[in-house]
Amino acid sequence: DPSDRQRALMDLVDSLGPAEFAGVAEQFRELDHLDDSRGEYDFILRGWAKADPLAALGYVEQHPHSQAGRATILSTWAGNDAAAAERWALDHFDGNGANPYLAAVIRGIAGNDIANASRLAQTLPFGRERSEAVGSITQALFLQGADAAMAFPASIADETLRGGFVAAIAHHLIEKDVNKAAAWVASMQQGGVQNRAAHDVADALARVDPQSAAAWVRSLKPEAQAEA
């Protein structure tokens with residue numbers, strides 16, 4: 001039974017000492033699996049990350065598809081010890097461009113400390129890692145309610161990043177109240193900030209009422225009208 005299986009897995013992980021996780025992870029990888037084995041393996045890694053994150057990271061680096069496992073461990077570690085996970089992410093990246101470890105750290109931090117997660121997101125250049133960070137922070141914001149999410153972009157000085165948050169928040173709002181999303185985006189004073197959300201909002205409005213959608217487009221700043 002899937003519920004019994006999940007309870008048994010939780011009991012097993014809770015019973016393990018730090019030195020026992022490697023053996024269990026290795027045994028699990030050798031099993032013939034049922035259903036969501038990837039999710040179960042992640043559950044083991046999350047438990048290991050709470051007990052000994054450095055050992056867990058060392059283990060996943062030795063196996064294929066280490067990127068997903070590393071992200072699971074880093075996000076869990078960050079949720080328990082944000083400063084230590086951030087230090088590891090910064091110390092272990094020596095390449096150019098975006099630090100791929102920080103997006104996972106931000107995902108772990110966002111639920112507990114949105115301000116800190118936002119600070120880290122602002123250090124990332126425009127790209128996939130920043131988009132992942134914005135998505136994680138946006139999910140955490142909506143746990144506080146739509147009003148908290150809608151107020152948040154005003155705290156971001158970087159206009160490009162602010163536009164990313166507006167687009168992500170508008171995407172969530174559209175699913176519940178497209179008119180509320182439209183009014184909020186139209187209230188923005190910068191066309192560049194409106195621009196990132198303009199396509200999704202216009203598309204959703206046009207499916208309901210094309211005439212109202214056209215009127216909404218005309219209410220936008222010139223930079224956003226073409227996209228809408």
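Start by selecting Arg 130: this residue is buried, with a relative accessible area of 8%. Keep in mind along the way that you are looking at a predicted model.

Now add Asp 158 to the selection. Its side chain meets that of Arg 130 in a salt bridge, at 3.6 Å from N to O. Arg 130 sits in helix H9, while Asp 158 belongs to the loop between helix H10 (146–151) and helix H11 (159–176), so the contact ties together parts that are 28 residues apart in sequence. Unlike its buried partner, Asp 158 is partly exposed, at 28% relative accessible area.

Stay in helix H9 (residues 128–143) and pick Arg 128 and Glu 132, which are 4 residues apart and therefore separated by about one helical turn. They form a salt bridge whose closest N and O atoms are 2.9 Å apart. Both ends are partly exposed: Arg 128 has a relative accessible area of 48%, and Glu 132 has 35%. Select Glu 129 as well, and you have a network of salt bridges linking Arg 128, Glu 129 and Glu 132.

For the next stop, jump to Arg 5 and Glu 40. Their side chains meet in a salt bridge at 2.5 Å, N to O. This pair links distant parts of the chain, with Arg 5 in helix H1 (residues 2–15) and Glu 40 in helix H3 (residues 37–51), 35 residues apart. Which end is buried, and which partly exposed? Glu 40 is the buried one, at 8% relative accessible area, whereas Arg 5 counts as partly exposed at 31%.

If you want to keep exploring, the whole structure holds 9 salt bridges, among them the ones toured here.

Technical notes: Residues numbered from 1 in each chain as written. Predicted model: local features only at pLDDT ≥ 70, side-chain atom pairs only at ≥ 80, totals over all residues. Heavy atoms only, no water. Salt bridge = Lys/Arg side-chain N within 4 Å of Asp/Glu carboxyl O. Helix = DSSP H or I, 4+ residues; strand = E, 2+ residues; numbered from the N terminus. Buried < 20%, exposed > 50% of the residue type's maximum accessible area, 1.4 Å probe, protein only.
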